[in-house]
Every structure is written in C-alpha cells, then in structure tokens.
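User: I have the sequence and the model open, and I'd like to know what stands behind the words people use for it. Could you take me through them?

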Amino acid sequence: MCILTVYHSAVLSGRHAGENMVGASRAYKHQSMFWSDLGPEIGYEAVGLTDSQLSTVSVWAKATAKDTPVASAGTEVDSPRAAPGEEQQQVPTNQSVSEAVKAKNPFQDEKFGKGLVFYVRDKKIVGLVLFNVFGKVQEARDIINAGYTSDKIDGLVKKFNLYSNDH
C-alpha cells in the first residue's frame, strides 16, 4: 500500500472520528485506494474490495501513448509515478509461442492496454481496478458507494472515457 494512501486514510478517519465525537453521527464510508506502476507502460489504481475470490467483470480497450503512468504523471513533481524519460526495456519473446499466437489471434496487432476490472459480490460492485485509466478514482468510489449492480456495468463504463482518444 502506498504511504500517501495510509496518510490519506489516517487524516480522513481521524477527522471523521472527531466530527462524530461532537455529534455528527455519520458512518465512515470512505473507500481507500492503492496504486502501483509496473514499469513505464503499465499502472493501476484500485478502490474498494479487490479480493481474488470474488467474481469479476472486465472491460478492455485499445491503449494509446497517453495511457501510461509516465504520460499520466507529466513530471515527477506532479506525481509519485514513474519518472518521465525512463527507457523501456524489451522483453524477450519465444518465437514459436509468438507465431502460434499470431496464427490464432485476429487482434494480434491491437494493443488492448487499458481497462477496468469490476469486483462483484452478490451482484453488487464492491471494488474496481483501473489499468492505465488514471484520474478516475473518485468515479470508482462513487460507483461502489452508490451500490450499483453488475447488470449496470455497460452504462458505468462511460464514466471512465475508456474508448476516448482525447483524454
């Protein structure tokens, strides 16, 4: 978990406890988040309950050069994400596997590098992971807090501009 997330949760929960001590009587509903960058081209942000034992629904879209942690951060001063200008490392591939995939995959030249994973319990969305979709954590929190069910996912995807090239 990111130190900023722990700090943010501590500040919010402390403030909330103090307000309740003076009579606010409100339930604590803040959904904490965590994030990580898995290199200069892949990053994710997660909100809510992201348990591997839950059912998931995934929605993926083509990625552009703008859909990376580096592009999202702008500069290191703006964000704790990967530093701009890092060189990308080439991952060695096995030619026979690669050729087999190309022969069977009609989308071989497509790069479906951004997407959403909705975590579902009893048909209710309880968590989201946003892969290479940045700046949409509050939208994810709003979906979880509103109690949306998995049959609404098609409409909820629009909140993330997943298919837009202009974000």
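User: Which word fits asparagine 132, buried or exposed, and how do you know?

Analyst: Happy to help! Asparagine 132 is buried, because its relative accessible area is 5% and the word buried applies under 20% (exposed is over 50%, partly exposed lies in between; 1.4 Å probe, protein chains only). Its place is the loop between strand 5 and helix 4, and its phi is near 55°, a positive value in a residue other than glycine. Before we go on: this is a predicted model, where local features need pLDDT of at least 70, side-chain atom pairs count only at pLDDT 80 or more, and totals for chains, interfaces and linings use all residues. Numbering starts from 1 along each chain as its sequence is written, and side-chain values use heavy atoms, without hydrogens or water.

User: And lysine 123, buried or exposed, and what decides it?

Analyst: Lysine 123 is exposed, because its relative accessible area of 62% passes the limit for that word. Lysine 123 also has a positive phi, near 70°, without being a glycine. You will find lysine 123 in the loop between strand 4 and strand 5.

User: How confident is the predictor, and where should I be careful?

Analyst: On the pLDDT scale (confidence in each residue, from 0 to 100), the protein has a mean of 77, with 71% of its residues at 70 or more. Residues 75-95 stay under 50, and the model has 26 contacts for them beyond four places in sequence. Where pLDDT is low, the predicted coordinates should not be read in detail.

User: How many helices and strands are there, and what makes a stretch count as one?

Analyst: The protein has 5 helices and 5 strands. Each is a DSSP run, numbered from the N terminus: H or I over at least four residues for a helix, E over at least two for a strand. From the N terminus, the order is α-β-β-β-α-α-β-β-α-α.

User: What is the strand order of the sheet, and why are strands called paired?

Analyst: The open sheet has 5 strands in the order 1-2-5-4-3, with antiparallel pairing. Its edges are strand 1 (33-37) and strand 3 (55-61), which each pair on one side only. On average, neighbouring strands are turned by 15° against each other, direction ignored. Two strands count as paired if DSSP finds at least two bridges between them. Strand 3 and strand 4 (residues 114-121) pass that test because they share 7 bridges. Strand 2 is joined by 5 bridges to strand 1 and by 5 bridges to strand 5.

User: Which residues are bridge partners in strand 2 and strand 5?

Analyst: Methionine 33 has valine 47 in strand 2 as its bridge partner. Alanine 46 stands opposite valine 129 in strand 5. Strand 1 and strand 2 also form a hairpin with 5 residues between them, and glycine 39 in the turn has a positive phi of about 115°.

User: Why is strand 2 described as largely enclosed?

Analyst: Because 5 of its 6 residues are buried, strand 2 is largely enclosed by the rest of the structure.

User: Is valine 59 buried or exposed, and what is its bridge partner in strand 4?

Analyst: Valine 59, in strand 3, has 14% relative accessibility and therefore counts as buried. Its bridge partner in strand 4 is leucine 116. The two are 57 residues apart in sequence, yet their C-alpha atoms are 5.3 Å apart in space. Contact means heavy atoms within 4.5 Å, and beyond four places in sequence valine 59 touches, among others, Phe118, Ile153 and Tyr163. Leucine 116 has its own such contacts, including Val57, Val133 and Phe160.

User: How many residues does the largest nonpolar core have, and what makes it a core?

Analyst: It has 19 residues, and those with the most contacts inside it are Leu116, Phe118, Leu128 and Phe160. A core is a set of buried Ala, Val, Leu, Ile, Met, Phe, Trp, Tyr and Cys residues joined through side-chain atoms within 4.5 Å. Strand 3, strand 4, strand 5, helix 4 and helix 5 (153-156) each supply at least two of its residues. Helix 4 gives the largest share, 4 residues. A second, separate core of 7 residues includes Ala46, Leu54, Val117 and Val129.

Definitions and conventions: Axes fitted to C-alpha atoms, helices over the stretch in contact; angles between N-to-C directions.
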